[in-house]
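Dear colleague,

I am handing over the structure below, and after it you will find some notes on aromatic pairs and on one charged residue. Please read them alongside the coordinates.

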Amino acid sequence: MPFKSYVFKPGATLLRGGAPALGVHFVVSGAVTLVCEDFLGKERIVRIVQDGGIIGLETLTESRTRHVALALDKVRTRWIMAIRLRDSLQRAPELQWMVLHQMQVALDEAESWISALVSGTVPARVRLAAAAAAPATG
């Protein structure tokens, strides 16, 4: 598969929300925050992606990106065009499992955050700070 390697400085933009959906970033090292605007126009952090995570999975099924992706620190990624990744997924079951695993990791994280918000056990800012400082898993 033809991957391109990228290095982003802290604060750099990896993806712009609403931009044409061209490809997927696999995070090799570093941390990236995914941000979107709420209905009032305020930016909200959706998720933090770390080593081994995938940014831009929506590009496999949609024509535009959903989030702004910003490097929290020095970030290294491997990028592939969405159309090439779709073709590779059809031919490589092991790659399908890797992508499915990353989707499950993101879903588990979202469920955990929602549960904590609903139960009110941990303030959102505390969880966000802990997530940003935590070592990568998965």
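In this predicted model, the structure holds 2 aromatic pairs. The first one to describe joins Phe3 and Phe26, whose ring centres are 5.9 Å apart and whose planes stand at 75°, so the pair is edge-to-face. Because Phe3 lies in the segment before β1 (4-8) and Phe26 in strand β3 (residues 23-29), this pair ties together parts that are 23 residues apart in sequence. As for accessibility, Phe3 counts as partly exposed at 28% relative accessibility, whereas Phe26, at 11%, counts as buried.

The other pair is formed by Tyr6 and Phe8, and this one is stacked, with 5.9 Å from centre to centre and 25° between the planes. Here too the accessibilities can be given for each partner: Tyr6 has a relative accessibility of 32% and counts as partly exposed, while Phe8 is buried, with a relative accessible area of 12%.

The charged residue is Glu58, which has its place in the loop between β6 (54-55) and β7 (68-71). Which side chain of opposite charge is nearest to Glu58? That side chain is Arg66, 5.5 Å away, and Glu58, although buried, has no salt bridge; the cut-off for a salt bridge is 4 Å, between a side-chain nitrogen of Lys or Arg and a carboxyl oxygen of Asp or Glu. Leaving aside residues up to four places away in sequence, Glu58 touches Arg64, Thr65, Arg66 and His67.

With best regards

Key
Residues numbered from 1 in each chain as written. Predicted model: local features only at pLDDT ≥ 70, side-chain atom pairs only at ≥ 80, totals over all residues. Heavy atoms only, no water. Phe/Tyr/Trp six-rings, centres within 6.5 Å; stacked < 30°, edge-to-face > 60°. Helix = DSSP H or I, 4+ residues; strand = E, 2+ residues; numbered from the N terminus. Buried < 20%, exposed > 50% of the residue type's maximum accessible area, 1.4 Å probe, protein only. Lys, Arg positive; Asp, Glu negative; His and termini not counted. Contact = heavy atoms within 4.5 Å.
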